[in-house]
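Biologist: I'm new to reading protein models, so could we go through this one together? I'll ask, and you show me how you get to each answer.

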Amino acid sequence: MAEISLRVNGSAHELDIQPQVSLLDALREHLGLTGTKKGCDQGACGACTVLADGERINSCLAPAVQYEGREITTIEGIGHPLQEAFVHADGLQCGYCTPGQICSAIGMLAEHKDGMPSAVTEHLAVTGGELDDAEIRERMSGNLCRCGAYNGIVSAIREVAG
Amino acid sequence: MTVIGRPLDRVDGRVKTTGAARFAAEHPYPGLAHAALVPATISRGRITTLHTGEASAVPGVIAVLTHLNAPELKPAPKVTPLRLSSLVSGTSVGYLQTDEVHWDGQPIAVVVAETSAAAREAAALVRADYAPAPAMVDFAAAEADARPQRGNPLMPGEAKKGDAEAALAAAPVALDLRYTTPPHHHNALEPHATTAVWDGDRLTVHDATQAIDWFRAHLAVRFGIPAADVRVLAPFVGGGFGGKVSIWPGTILAALAARATGRPVRLALTREDVYRTVGGRTPSIQRVALGATRDGKLTALVHTSVTRTGRVGGLPEQVTSQSRHLYDAENIFLRQSIVPLDLLSNTSMRAPGESIGTFALEAAIDELACELDLDPIELRMRNEPAVNPMDGKKFAHRMLREAYAVGAERFGWHERDPRPRSMRDGRWLVGMGVASAYHPSWRFAANVTVRLSADGTVLVRCGFQEMGMGGATAQAQIAADALGVPFEAVRVEYGDSALPMSPNAGGSAQTASVAGGVLEACGRLKRSLAAMARRTGGDTPETILRRANLPYAEAAAGSDTRFGRISGQVRFMANLLREQRRWVKAASGAQFCEVRVDPDTGEVRVSRWLGVFDIGTVVNAKTAASQLRGGIVMGLGMALSEETLVDPRTGRIMNAGLAEYHVPVHADIPPIEVSFLDDPDPTMPLGILGAGEVGITGVAAAVANAVHHATGTRVRDLPITLDKLL
Ligand code: FES
Ligand code: FES
C-alpha cells in the first residue's frame with residue numbers, strides 16, 4: 001500500500017492505495033468521483049480522459065501514485081461552455097463517452113492554441129492555424145463514441161472554439 | 001403550438017455533461033464488495049480440478065465462488081410464448097452450477113474482494129484443469145451442417161412465391177452471388193455492469209439493461225423469489241444496441257455473489273469480459289440470385305442465408321426479412337438456415353437480420369443495375385411494389401419513391417458518371433452508391449400513468465429504458481401536446497421496475513409503444529377532468545382541480561396487477577397478430593454514399609452521406625436525427641472495419657478489445673445529412689415507425705456500391721478492408 005495525496009478539482013485527498021491502482025480507479029472507487037468513465041481500461045477509448053495540469057490524459061493508463069502533486073481536473077470540476085454546447089448540438093446520446101469527450105476537447109483546444117500540430121496539419125510553421133472540422137476530427141479521434149454522436153460533438157467544439 | 005416535432009434539447013443532457021448521471025457500476029453502498037470473473041479456456045468439456053488457493057490468499061479476497069461452493073440457482077426457464085420474459089435468457093447454462101463448459105469464456109469462477117484491484121488480481125490466479133470434449137466452433141467449416149430454421153407466424157424462416165429457381169434459369173439476365181459478413185460486437189461504450197444488493201430475500205439490482213421488466217422476471221425465477229421482491233433500476237445505460245436485451249452471466253453472478261457473501265456486490269465487466277460473456281452478431285453466408293428481363297423487371301429473387309447460434313442459446317437471425325418486402329419480383333424464394341456451434345449464443349445487434357441482409361440484397365441489386373447498364377435508382381423504381389410482394393398485403397406506409405427522389409436531388413446524384421472508375425478528385429478515386437434501408441415497425445403494450453397536479457405540472461411514469469434514444473424528451477413532448485401543457489411542465493420517470501411496466505427497448509418499438517400508453521392515459525385523464533368540470537365548474541385543469549379540492553388527477557393505461565399484465569399481454573398479442581395479417585409496417589429510407597479511394601493503398605474514406613428516411617412522425621427532430629446518424633455510423637463500421645475474429649481451432653475471440661476491434665472514430669465520420677419525410681403512419685400510435693435501427697440498414701451496401709463505382713472492384717465479403725481492393 002502507498003499513502004499518497006491527490007489534488008482533484010481543487011481539493012486534496014489522502015489515499016492509501018496499492019501502487020498498481022490506476023488514477024481512474026482511484027477517482028471512481030476511492031474518491032467516489034464516478035463522472036470519469038471506464039470504457040476499456042486499456043487506453044483505447046478515451047472515456048477516462050481527465051486533465052492533469054491542464055493536459056488531457058487517459059486516466060486508466062496512469063498509475064495514481066505518479067500523480068501526486070499534479071492538479072487533476074475531472075468532469076465534476078469543470079464548468080465550461082462546451083457542456084452547454086454539447087447538449088445544444090446533441091453531441092451525446094447515452095452520455096457515457098461524454099465526460100471524456102468534454103475533458104479531451106478542453107485539452108485539445110489548449111494544445112491547438114499552443115501550436116501543437118496534428119497528423120492533418122498542413123503547415124507546421126504556422127502555429128494556431130484554423131481549427132477546421134478535419135483538425136477537430138483528427139485531434140478527437142482518441143475518444144470513441146459508440147452511439148455515433150460524432151457530428152454533434154464536432155459542431156459543439158467548433159461552436160465553442162469560435 | 002405543438003411540441004411534437006420540435007428539435008428540443010434532450011432533458012437529460014445536463015446530467016450527462018456534468019458527470020452527475022450515475023450508471024450501473026456507480027452506485028455507492030456501505031460495505032460494497034467487488035467481483036471479477038474467471039473465464040473458461042476451453043470451448044467444451046468438463047472442469048476436473050479448480051485451483052483457487054492462491055486466489056483466496058490474495059489480501060482483501062472475501063470469497064472465490066465456483067460450482068463447488070456457489071449457492072443454488074434455479075434453471076433458466078424454457079422459452080414459451082406464454083411467458084415472454086423467458087426469451088431473455090442469454091444462455092441456458094446454470095452458471096457456477098455445473099462442471100460443464102459450453103464455450104470458451106464461460107465464467108467458471110467469481111472472485112469477490114474488498115477492491116476491484118484485489119478481485120482482478122485474484123481472478124487471474126484461479127487455474128482450472130479440464131477434460132475437453134470435441135467442439136464445433138468453425139462457422140465456415142460448419143456451413144454444410146446448417147439446417148432450415150423453423151419459423152413462427154411473425155418471423156417465418158422460409159417464404160416462397162412461384163418457382164424462383166426455374167425463373168432464374170429462364171431469365172434473360174441472371175446473377176448468382178455469394179456474400180459473407182463476419183461476427184460483430186455491440187461495444188456499447190459502457191461495459192455491462194451490475195450492482196446487486198440483497199435485503200433479506202429482496203433483491204435490488206442496478207444494471208445496464210435494455211429490458212428492465214424481463215430482467216426482473218428472470219432474476220425472480222433464477223433466485224426462486226416473487227417478482228415483486230426484485231427491483232431493477234437502469235435510469236442511465238451507456239448504450240445497448242441489442243447487447244443489453246438478454247440477461248448474460250454477469251448480472252446473475254453479481255446477484256449470486258451478493259447472496260453468497262451477504263454483501264452488496266458490484267460486478268463491472270472488463271471490456272474483454274464483455275466479449276467473452278455477452279453474445280454478438282452472428283456471421284453470415286448469403287446467397288442472392290436475381291433474374292431479370294433486359295429492361296430491368298425482376299423475374300426471380302432468391303435470398304438464402306446461413307447463420308449460427310450457440311448450442312446453449314441464441315436467436316435465428318432474420319437475414320431475409322427485408323427481401324419479403326423490398327422488390328416486386330414475380331418469383332421469390334427465401335430461406336434462413338442455422339447451425340448451432342459450441343460458442344456463446346449469438347444475440348440481437350442493431351437491426352438483427354436486416355443490417356446484414358440489406359448488405360447482400362442491396363449490393364446484388366447494384367450488381368444487377370451494372371449488368372443491365374441501368375441507373376441503380378431507376379432499377380429500384382422499376383421494381384417498387386404497390387403491395388407486399390409475397391402475399392399482396394397492404395403497406396401501412398411506403399415512401400421509398402419519395403425518399404429516392406428527395407435524396408437524388410439533394411445529393412446531386414445526376415452528377416454521377418455511371419462508369420466505374422470514371423470520377424476523380426486529384427489522386428482520389430471517387431464513387432457514389434445508394435441502397436435502401438428497411439426495418440419492420442413494431443409496437444408492444446406499455447403501461448403508463450399520467451398525473452396532472454393543481455400547480456399545472458405533469459408527471460408521466462413508465463419503466464422504459466433510456467440508453468441515449470432520448471425517450472424521456474420524446475415522451476414529455478407527446479404528453480405536453482396531448483394535455484395542452486408546456487413542454488417544461490412535464491417530467492418523465494423511467495428506468496425502474498417499480499414504475500408501470502414497459503416493454504423492452506428492442507425492435508425500434510419503444511417510442512411508439514410508450515407513446516401509445518401515454519396517449520391512452522392522457523385521453524382518460526382529459527375525460528375525467530371534463531367529467532369533474534361538469535360537476536364542479538372550472539375551465540382550466542388547475543381551476544377544475546382546485547374547485548374539486550384535489551391535489552392532482554391521475555389516469556393510467558394498462559394495469560400492473562398480475563391479472564392486468566397477463567390480460568394486457570393477451571389482448572396485445574391478439575391485436576398484433578390481427579394487425580400483422582392486415583398490414584406490412586416498416587420504416588424505410590434511401591442511403592446515399594460518396595467515397596474516396598486511394599488508388600495506390602486501397603484506403604477508403606467516406607466523404608459524404610445522406611440518408612432520407614420514412615420513420616413516420618418525427619417526435620423530436622434533433623434526437624431522431626442523432627439516432628439515425630448513430631445507426632449510419634455503426635453501419636460504416638460494419639462496412640469498413642468491424643470484425644470479431646474467432647479462432648477457428650479453439651473458438652476463442654482473438655480481438656476482444658477496442659484496440660483490436662475497430663469501431664469508427666471521429667476521423668472516419670464525415671458530416672452525415674439526415675432528412676425526414678415526416679409523414680405519420682396511419683396504423684401506429686401518433687404515426688411513429690421507429691428510428692433506432694433503420695439507420696444502420698443499407699449502409700454497408702451503399703458503401704460497397706460506392707466503392708465499386710470508385711474502383712471497379714466488387715467486395716462481397718465484409719468488412720471492405722484495403723487488402724481486398726489491391
Ligand atoms: S477507459 Fe481509459 S481509454 Fe478506455
Ligand atoms: S454518447 Fe454513447 S458512447 Fe458517446
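Biologist: Which residues of H5(B) are buried?

Modeller: Keep in mind that this is a predicted model. A residue counts as buried when its relative accessible area is under 20%. In helix H5 (residues 212-223) of chain B, 11 of the 12 residues pass that test, so the helix is largely enclosed by the rest of the structure. The buried ones are B:Ile212, B:Asp213, B:Trp214, B:Phe215, B:Arg216, B:Ala217, B:His218, B:Leu219, B:Ala220, B:Arg222 and B:Phe223.

Biologist: What covers the buried residues of H5(B)?

Modeller: Both strands and helices of chain B take part. Among the strands are S10 (193-199), S11 (202-207) and S12 (230-233). On the helix side, the cover includes H6 (249-261) and H14 (562-582).

Biologist: How far does H5(B) reach from its first C-alpha to its last?

Modeller: At 1.5 Å a residue, you'd expect 16 Å for its 12 residues. The model comes out close to that, and the reach is 17 Å.

Biologist: Which residue just after H5(B) takes a positive phi?

Modeller: Look at the spot right behind the helix, where phi is about 65°. The residue there is B:Gly224.

Biologist: Let's try some strands. Which strands does S20(B) pair with?

Modeller: Strand S20 (residues 448-453) of chain B is mostly covered, with 5 of its 6 residues buried. It has 6 antiparallel bridges to strand S23 (residues 552-557), also in chain B, and B:Val448 stands opposite B:Ala557 there. Another 4 antiparallel bridges link it to strand S21 (residues 458-461) of chain B, where B:Val450 faces B:Val460. The partners are S23(B) and S21(B).

Biologist: Which residue in the turn between S20(B) and S21(B) has a positive phi?

Modeller: These two strands form a hairpin, with 4 residues between them. In that turn, a phi of about 90° belongs to B:Gly456.

Biologist: In what order do the 3 strands of the open antiparallel sheet in chain B run?

Modeller: Start at the edges: strand S4 (100-101) and strand S6 (127-132) of chain B each pair on one side only. Strand S2 (residues 45-51) is joined to S4(B) by 2 antiparallel bridges, and B:Arg46 has B:Glu100 as its bridge partner. The order is S4-S2-S6.

Biologist: How many residues does the largest nonpolar core have?

Modeller: A:Ile157, B:Phe592, B:Trp609 and B:Val703 have the most contacts inside it. Leaving aside neighbours within four places in sequence, B:Val703 touches B:Cys593, B:Trp609, B:Leu636, B:Ala639, B:Leu640 and B:Ile720. Apart from this core lies another of 53 residues, including B:Ala220 and B:Ile225. The largest has 184 residues.

Biologist: Which three residues supply the most of the area that chain B buries against chain A?

Modeller: The contact takes 58 residues from chain B and 48 residues from chain A. Together the chains bury about 4100 Å², with 53% of it on carbon and sulfur atoms. Of chain B's part, 22% comes from just three residues, more than any other three: B:Thr17, B:Leu189 and B:His666.

Biologist: Last one: how many disulfides are there over all chains?

Modeller: A pair of cysteine sulfur atoms would have to lie within 2.5 Å. Being buried is a separate matter: A:Cys94 counts as buried at 4% relative accessibility, and A:Cys145 is buried at 3%. By the distance rule, the count is 0.

Methods. Residues are numbered from 1 along each chain as its sequence is written. Chains are lettered from A and ligands numbered from 1 in the order in which they are written. This is a predicted model: local features need pLDDT of at least 70, side-chain atom pairs count only at pLDDT 80 or more; totals for chains, interfaces and linings use all residues. Side-chain values use heavy atoms; hydrogens and water are left out. Buried means under 20% relative accessible area, exposed over 50%, partly exposed in between (1.4 Å probe, protein chains only). Two strands pair if DSSP finds at least two bridges between them. A nonpolar core is a set of buried Ala, Val, Leu, Ile, Met, Phe, Trp, Tyr and Cys residues joined through side-chain atoms within 4.5 Å. Contact means heavy atoms within 4.5 Å. The expected span of a helix is 1.5 Å times one less than its number of residues. Buried area is the accessible area (1.4 Å probe) that two parts lose on being put together, summed over both.
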